[in-house]
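Reader: I would like to go through this model with you. I will ask how each label was earned.

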Amino acid sequence: MNVVDLLVTIIVVTILVTIALGVVTYIAYKLRLARRPVAEDEEASAPHFFQAHDPPAAEAPPDPPVEEDDPTRPSRGEADGAT
Amino acid sequence: MAATRRLLTSLTLVTIMVGATVLFIFWAMHSPSQVQAFLVRLVLISLIIFLAILFIRYFALLWFAYLQHAERNVASREPEGELPPVSILIPAYNEAEVIGHAIESLLQLDYPTYEVIVVDDGSTDDTLEVARRWEGKASGVEVRVLTKRNGGKASALNAGIARSKYPFVMCMDADSWVDPGSLKAAMPHFRDASVGAVAGNVKVANRENLLTRLQALEYIEGLNMPRRAQGFIAAVNIVPGPVGVFRREALEEVGGYDTDTFAEDADLTLQLITSGWKIIYEDQAITWTQAPTRALDLIQQRYRWTRGILQALKKRKGVYWHPFPDFPLWLSAVEMGFEAIVWPILNVYAHLFFAIVALLFGAGELLLYWWILLTLLDLVMALVTVSMEEESLSLVPYAIIYRFFFILFLDITKMFATVEEVLNLGMEWDKLRRVSYAGAAGGQT
């Protein structure tokens, strides 16, 4: 096998292995997402910002208030928790 | 259930795409000689078209980046007159490991008047408690800590903007830290009343393994170089999350950040361009960020970036058919669409196609010359861009495996993310793992 053939083999193998690695990693990422630990109350605690919700104007609640942090208020876990 | 359904759909997609490729190979191997000859000609034509697109893309970007670099070197970097006060926002969700480092870096800024606002987005860890340690007056700088129910990064930024008091707003990520001169370098651009935002220069801090060093090169060659080129025509299409300074008037005009995409930075930038604001790139507004150190985390980040950008583009799909009168927006949308959709798919299939043809039809020598040509091009590009950024030349040799390993590896995920976005499959904001900077400090450069 001459040098050109050797180099070509290395390039072809690298390309094919990288593509296979990319596909396998993508599948592994998806598996990790599907198998990550799920809390019992995930529905209640999951971030809700990407769920489109368009209530009728009359029923629309006001935006959640932004609170200036007050050192005297109870710890956040007790106060409102994460949603 | 939803996650399992998404996994099954993704696996089906992979099976279909891999299956189609395998079928094509078998068909090519068993087809008559006339068909094979036709395929070889098709490969040659494809190769020429691919190389032409690649060269035009590279040289156009490099030329405009060079022009911007030359212009910046001629123009005075010294700020003239009084510098306006700035509000700096750090949205934070479960960033207890890194938030302190970000705040500390802001307190070291070389800038006369600014305030720091940390917006805790309903973290479930100690982010709020850690941030509170700096609350009040720290090093003569007012630091405020707000907390709200979890609503996503865009919502946290909007909350911070609403509570900030100065006419300019700088947004940064909690896993990043700024160079002391960053703000001073960015602000003089706002002397031009039509400048709505200044995009900073994001660099990888934790260069501790092969993956993060390749990302360090990618940030310079693949992200900052296009941003520099776009900066020459004052139409940078993504003001990056880790560092961006905005004119409050511009933010108010577009209504702040929209919360309906996973790339709020790209979405806001397109909004600003639509409203006629200029977006500038400032290479001395440097922010260091923590890059994913593991392959799965990197895939997770790029998957979200790709889908987020596509979501921002989908909101403006009508613009593709109307280049005028909003030409800057059209140009930005076309470039984003090309980089996010066309180029990754083209890149993956070109590599696969040429590798298969080399195997089946003995066109190995052609493939070798193609590889040598592209690698030389990448090395030259790396040398030029690393020099422009005054970065370590030790990153340049990584260009040898940059395209054929790293970019190809990432493009596979971008391709699947594109297909998923087209099919409108659901997705979630999966938080990246953070490493405290005490542990990452060894990798800083």
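Reader: How many aromatic pairs does the structure hold over all chains?

Author: This is a predicted model. Over all chains, it holds 14 aromatic pairs.

Reader: Why is the pair of B:Phe64 and B:Phe232 called tilted?

Author: Take the distance of the ring centres. It is 5.8 Å, and pairing asks for centres within 6.5 Å. Now the planes. They stand at 40 degrees. Stacked needs under 30 degrees, and edge-to-face needs over 60. The angle of 40 degrees fits neither, so the pair is tilted.

Reader: What makes this pair a tie between parts apart in sequence?

Author: B:Phe64 lies in helix H2 (residues 33–74) of chain B. B:Phe232 lies in helix H7 (residues 210–232) of chain B. The pair therefore ties together parts that are 168 residues apart in sequence.

Reader: Why do B:Phe64 and B:Phe232 count as they do, in terms of accessibility?

Author: Buried means under 20% relative accessible area, and exposed means over 50%. B:Phe64 has 33%, so it counts as partly exposed. B:Phe232 has 30%, so it also counts as partly exposed.

Reader: Which residues do ring pairs link into a cluster?

Author: B:Phe324, B:Phe327 and B:Trp330.

Reader: How do you know that B:Arg57 lies over the face of B:Trp343?

Author: B:Arg57 is at 5.1 Å from the ring centre of B:Trp343. The cut-off is 6 Å, with an added limit of 35 degrees from the ring normal. The distance is within its cut-off, and B:Arg57 is listed as lying over the face.

Reader: How do you know that the span of helix H13 of chain B agrees with its number of residues?

Author: H13(B) covers residues 399–422, which is 24 residues. At 1.5 Å a residue, the helix should span 34 Å. Its end C-alpha atoms are 32 Å apart, which agrees.

Reader: Where is the kink in H13(B) centred?

Author: On B:Ile407, with a kink of about 35 degrees. After the helix comes B:Asn424, whose phi is positive, near 65 degrees.

Reader: What makes H13(B) largely enclosed by the rest of the structure?

Author: Of its 24 residues, 19 are buried, so the helix is largely enclosed.

Reader: Is B:Ile401 of that helix buried, exposed or partly exposed?

Author: Its relative accessible area is 34%. That lies between 20% and 50%, so B:Ile401 is partly exposed. Beyond four places in sequence, B:Ile401 touches B:Leu210, B:Leu214 and B:Phe406. B:Leu379 is 22 residues away from B:Ile401 in sequence and 10.0 Å away in space, C-alpha to C-alpha.

Reader: What covers the buried residues of helix H5 of chain B?

Author: The cover includes strands S1, S2, S4 and S5 and helices H8 and H9 of chain B. Among the buried residues of H5(B) are B:Ala154, B:Leu157 and B:Ile161.

Reader: Which pattern does chain A follow along its sequence?

Author: The pattern is α-α-β-α. Chain A has three helices and one strand. Buried residues make up 23% of its 83 residues.

Reader: What is the pLDDT of chain A?

Author: The mean is 63, and 42% of the residues reach 70 or more. Among the elements of chain A, helix H1 (residues 3–35) has the highest mean, 88, and helix H3 (residues 76–79) the lowest, 36. Residues 41–56 of chain A stay under 50. Residues 69–83 of chain A are below 50 too. Where pLDDT is low, the predicted coordinates should not be read in detail.

Methods
Residues numbered from 1 in each chain as written. Chains lettered and ligands numbered in written order. Predicted model: local features only at pLDDT ≥ 70, side-chain atom pairs only at ≥ 80, totals over all residues. Heavy atoms only, no water. Phe/Tyr/Trp six-rings, centres within 6.5 Å; stacked < 30°, edge-to-face > 60°. Helix = DSSP H or I, 4+ residues; strand = E, 2+ residues; numbered from the N terminus. Buried < 20%, exposed > 50% of the residue type's maximum accessible area, 1.4 Å probe, protein only. Expected span 1.5 Å × (residues − 1). Bend = angle between axes of the 7 residues up to and from the residue. pLDDT = per-residue confidence, 0-100. Contact = heavy atoms within 4.5 Å.
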